[in-house]
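User: I would like to go through this structure by way of questions and answers. Please give the reasoning behind each answer.

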Amino acid sequence: MAQLIFMSFQSLGLTDALLKAVSQQGYTEPSPIQQKAIPVILEGKDVLASAQTGTGKTAGFTLPLLQILSQREKSKYRPIRALILTPTRELAAQVYDNVRSYSEFTDLRSVVIFGGVNQKPQVAAIRRGVDVLVATPGRLLDLQNQGVLSLKRIEILVLDEADRMLDMGFLRDIERIMDLMPKKRQNLLFSATFSKDIRKLANGILHHPVTVEATPENTTVEAINQKVYRVAKGKKTGLIIKLISDGNWKQVLVFTRTKHGANKLCKKMISAGVSAAAIHGNKSQGARTKALAGFKSGRVRVLVATDIAARGLDIPLLPHVINFELPNISEDYVHRIGRTGRAGASGEAISLVSADETTYLRDIEKLVGERIPVSIIEGFEPDPNASTQPIKKQQRGQNRSSRNNSNASKNSNNKPKNNSRRSRGNRR
Ligand code: AMP
């Protein structure tokens, strides 16, 4: 991980229990976002942080949060004192793993709750007493409505990947959650991008925040070898299988725009003898966890994912990312290719672009500030007669039903298929 100047975790003022956990993880130096965020959070200030996944942001907010809680007096009833909100189940599970590792040598207790799985074990865990709760908004509101948990004693709130929460239509849920917490608390907002909506949200939540930034995005993009293959739409599947087989690539993350597209491509890969799994919002939690575990262990060569499902996944040292289709939201391109070259390793990002994606490619090039080199592979040429009319865009947050009280409690049953994500009607 890139460093600003040499700095140790000790010099950030962390306690021995946390330093021991950090060294057990094998981290030798704090990442830039950790160097900047940890001291400010320890001072009790509100923070507005610009950081993508892969920058070490999770430790950046978790370590000081644990330190603050462990140094304050505990009540014997163990009310929830810190809440970390994440947009997706996978991210919640990942953040929770981090919280558990970093708190190993403290006496703090943590629990994770998210939809799509039976709520009973989550309820039982909460009843045993929790200091740090990691949650997705839907399940949190469901359990709050059932009277399983109270947010009245929250001292620290973290909104992780706040931009993605807004993209997923969680604004109303976030506002309702704010109303359930005491006004006086420390707030930490982490976001990869700073749109007008994020600034508005930040203004409403944060008090005199200190702004901290990780390495600028374009540095990350520059470290990645980006390529475009112009190809006829109908020849993309053949081309992707050729690239993976010829290159003998062992671990490839492929992005499609829709859930249906992810399933279709996955099936075709498997028929062609390439082991693949799909991960998207319509898959059960169990299926997603299994697909991710298979990919991480190397059993599954290709993971086909939609943007939202892939968001926040921690897959270290990923050599190849392929955009089977370009995203219609240019920022998603940066998130997607940021999957390569993580924690200092370099990577290759390939986009298969058909005529109808020409406008998206131009928008992306504008955002990253460079022309991406284009090649054509023999036998997989673009169709000269195809229309360059763009595929219809879907706006983020469109078609999403916002939850109300009665909905929230309806969604609180134990059937995984009936969870809030499904009712949001997104295509990802
Ligand atoms: P994050 O951005 O929080 O998703 O973290 C990305 C990856 O970086 C995770 O695998 C962390 O375990 C790892 N990481 C976090 N902090 C450090 C550090 N100081 N040195 C090395 N790796 C780190």
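**Charged pairs, a buried arginine and the ligand**

Analyst: In this predicted model, a network of salt bridges links K57, D160 and E161.

User: How many salt bridges does the structure hold?

Analyst: A salt bridge requires a side-chain nitrogen of Lys or Arg within 4 Å of a carboxyl oxygen of Asp or Glu. By that criterion, the number in the structure is 17.

User: Is E43, which pairs with K45, buried or exposed?

Analyst: The closest N and O atoms of the E43 and K45 salt bridge are 2.6 Å apart. K45 is partly exposed, at a relative accessible area of 36%. For E43 the relative accessible area is 55%, and exposed means over 50%. E43 is therefore exposed.

User: How many residues apart in sequence are the parts that R78 and D131 tie together?

Analyst: R78 and D131 form a salt bridge whose closest N and O atoms are 2.7 Å apart. R78 lies in the loop between α3 (57–71) and β2 (82–85), whereas D131 lies in the loop between α5 (120–127) and β4 (132–135). The pair therefore ties together parts of the chain whose separation in sequence is 53 residues.

User: Why do both R78 and D131 count as buried?

Analyst: The relative accessible area of R78 is 16%, and that of D131 is 1%. Both count as buried because the cut-off for that class is under 20%.

User: Which residue forms a salt bridge with K236?

Analyst: K236 belongs to helix α11 (residues 236–246), and its partner is found 121 residues away, in the loop between β13 (347–353) and α16 (358–368). Both residues of the pair are buried. The side chains meet at 2.7 Å, N to O, and the partner of K236 is E357.

User: Which side chain of opposite charge is nearest to R301, and how far away is it?

Analyst: R301 is found in the loop between α13 (285–297) and β11 (302–305). Leaving aside neighbours within four places in sequence, R301 is in contact with residues including I244, S245, W249 and F295. R301 is buried yet has no salt bridge. The nearest side chain of opposite charge is D246, at 8.8 Å.

User: Which side chain has an N or O atom 2.8 Å from a nitrogen atom of the ligand?

Analyst: The ligand is surrounded by 15 residues, and Y27, Q34, G54, G56 and T58 are the closest. A polar backbone atom of E29 is 2.8 Å from a ligand nitrogen, and a polar backbone atom of G56 is 2.8 Å from a ligand oxygen. The side chain with an N or O atom at 2.8 Å from a ligand nitrogen is that of Q34.

User: How much of the area that the ligand exposes when taken alone does the protein bury?

Analyst: Taken alone, the ligand exposes 500 Å². The share of this area that the protein buries is 81%.

User: What percentage of the residues of the protein chain count as buried?

Analyst: The protein chain has 18 helices and 14 strands. Its exposed area is about 18400 Å², of which carbon and sulfur atoms supply 50%. Of its 428 residues, the share that count as buried is 56%.

User: Among contacts with a separation of 6 or more, what share comes from residues 24 or more positions apart?

Analyst: Contact means heavy atoms within 4.5 Å. Among the contacts in the protein chain with a separation of 6 or more, residues 24 or more positions apart account for 77%.

Note on methods: Residues are numbered from 1 along each chain as its sequence is written. This is a predicted model: local features need pLDDT of at least 70, side-chain atom pairs count only at pLDDT 80 or more; totals for chains, interfaces and linings use all residues. Side-chain values use heavy atoms; hydrogens and water are left out. Helices (H or I, at least four residues) and strands (E, at least two) are DSSP runs, numbered from the N terminus. Buried means under 20% relative accessible area, exposed over 50%, partly exposed in between (1.4 Å probe, protein chains only). Lys and Arg count as positive and Asp and Glu as negative; His and the chain ends are not counted. A residue is near a molecule or strand if one of its heavy atoms lies within 4 Å of it. A polar contact is a pair of N or O atoms within 3.5 Å; within protein, one must be able to donate a hydrogen and the other to accept it, and residues adjacent in sequence count only if both atoms are side-chain atoms. Accessible areas come from the Shrake-Rupley method with a 1.4 Å probe; for residues, only the protein chains shown count as cover.
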